[in-house]
Amino acid sequence: MRVLVIEDDLRLAGVLSSGLIAEGFDVDVVHDGADGYWQAREGAHDVIVLDVLLPSLNGYSVAKRLRGERVWTPILMLTAKDGEYDEADGLDVGADDYLRKPFSFVVLVARLRALARRGSTPRPRLLSHGGLTLDPSTGECTVDGVLVSLRPRERVLLEVMLRNRDRVLSKDRLIDAVWGLAAKAEPNLVEVHVSYLRRKIGAGRVQTVRSLGYRLVDPDA
């Protein structure tokens with residue numbers, strides 16, 4: 001598996017590179033946002049580790065430009081910043097996962113492997129199903145033409161369901177996709193967020209399949 005690390009902290013970049021190589025990854029490292037953007041666009045990487053605070057071009061701009069050019073390599077964003085809105089910013093510009101510094105290297109490796117398994121799936125600008133629409137790049141969601149405000153995890157949960165519409169998704173699958181494989185997320189956390197999502201998009205759009213999981217459906221079909 002080939003990983004691109006875009007990190008301006010030389011010590012951290014060196015530690016990440018050595019650790020990932022020891023785990024069997026092929027690693028390319030750059031320390032500048034503009035160089036990282038070029039490497040990500042031109043290289044054949046399975047996943048990108050992207051810092052937010054970079055010289056020349058910050059991580060948000062790198063991710064946004066890559067997605068704007070239809071480069072769909074999975075991105076794990078690293079940041080020293082904290083707070084839900086910072087996480088939302090990263091997800092809204094196209095990052096697939098988010099890890100705050102300081103972080104566990106074991107967790108980082110697990111999340112990278114999970115992202116690589118998903119692969120570089122093309123992402124249409126607008127996802128829609130039965131009167132429900134979501135723009136993954138902006139997080140804007142509408143239900144029958146009415147704008148609905150979603151929190152970051154709700155948006156990611158809905159995006160996963162829209163990309164797998166009419167398929168039953170287990171709680172474990174949703175935990176992996178929304179919180180990350182190594183996240184300490186309990187199954188009831190999925191139930192809570194599904195409940196929140198139902199209140200906003202309509203209870204009939206998320207079907208519970210007993211003992212199996214959840215499925216997004218068109219209530220008018």
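Asp97 is buried, and Arg111 is buried too. Their side chains meet in a salt bridge, with N and O 3.3 Å apart. This pair links distant parts of the chain. The model is a predicted one. Its salt bridges come to 13 by count, and several of them are described below.

**The buried pair Asp97 and Arg111**
- Asp97 belongs to strand S5, which covers residues 97-100.
- Arg111 belongs to helix H5, which covers residues 105-118.
- The two residues stand 14 residues apart in the chain.

**A pair within one helix**
- Glu159 and Arg155 form a salt bridge, and their closest N and O atoms are 3.0 Å apart.
- Both residues lie in helix H6, residues 152-163.
- They are four residues apart, or about one turn of the helix.
- Glu159 has a relative accessible area of 13%, so the residue is buried.
- Arg155 also counts as buried, because its relative accessibility is 4% and the cut-off for buried is under 20%.

**A pair between two helices**
- Lys171 and Glu191 join their side chains in a salt bridge, at 2.3 Å from N to O.
- This pair, too, links distant parts of the chain.
- Lys171 sits in helix H7 (residues 171-179), and Glu191 sits in helix H8 (residues 187-201).
- The separation along the chain is 20 residues.
- Lys171 has 26% relative accessibility, so Lys171 counts as partly exposed.
- Glu191 has a relative accessible area of 37%, so Glu191 is partly exposed as well.
- Both values fall between the cut-offs of 20% and 50%.

**A network of charges**
- Salt bridges also link Glu7, Asp51 and Lys101 in a network.

**Aromatic rings**
- The count of aromatic pairs is zero.
- The ring of Tyr37 does have a charge over it: the charged end of Arg65.
- That charged end is 5.9 Å from the centre of the Tyr37 ring.

**The chain as a whole**
- The chain has 221 residues, and 49% of them are buried.
- Its secondary structure includes eight helices and eleven strands.
- Among contacts with a separation of 6 or more, 58% come from residues 24 or more positions apart.
- The chain exposes about 10800 Å².
- Carbon and sulfur atoms supply 49% of that exposed area.

Key
Residues are numbered from 1 along each chain as its sequence is written. This is a predicted model: local features need pLDDT of at least 70, side-chain atom pairs count only at pLDDT 80 or more; totals for chains, interfaces and linings use all residues. Side-chain values use heavy atoms; hydrogens and water are left out. A salt bridge is a side-chain nitrogen of Lys or Arg within 4 Å of a carboxyl oxygen of Asp or Glu. Buried means under 20% relative accessible area, exposed over 50%, partly exposed in between (1.4 Å probe, protein chains only). Rings of Phe, Tyr and Trp (its six-membered ring) pair if their centres lie within 6.5 Å; planes under 30 degrees apart count as stacked, over 60 as edge-to-face and the rest as tilted. A charge sits over a ring if NZ of Lys or CZ of Arg is within 6 Å of the ring centre and within 35 degrees of the ring normal. Contact means heavy atoms within 4.5 Å. Accessible areas come from the Shrake-Rupley method with a 1.4 Å probe; for residues, only the protein chains shown count as cover.
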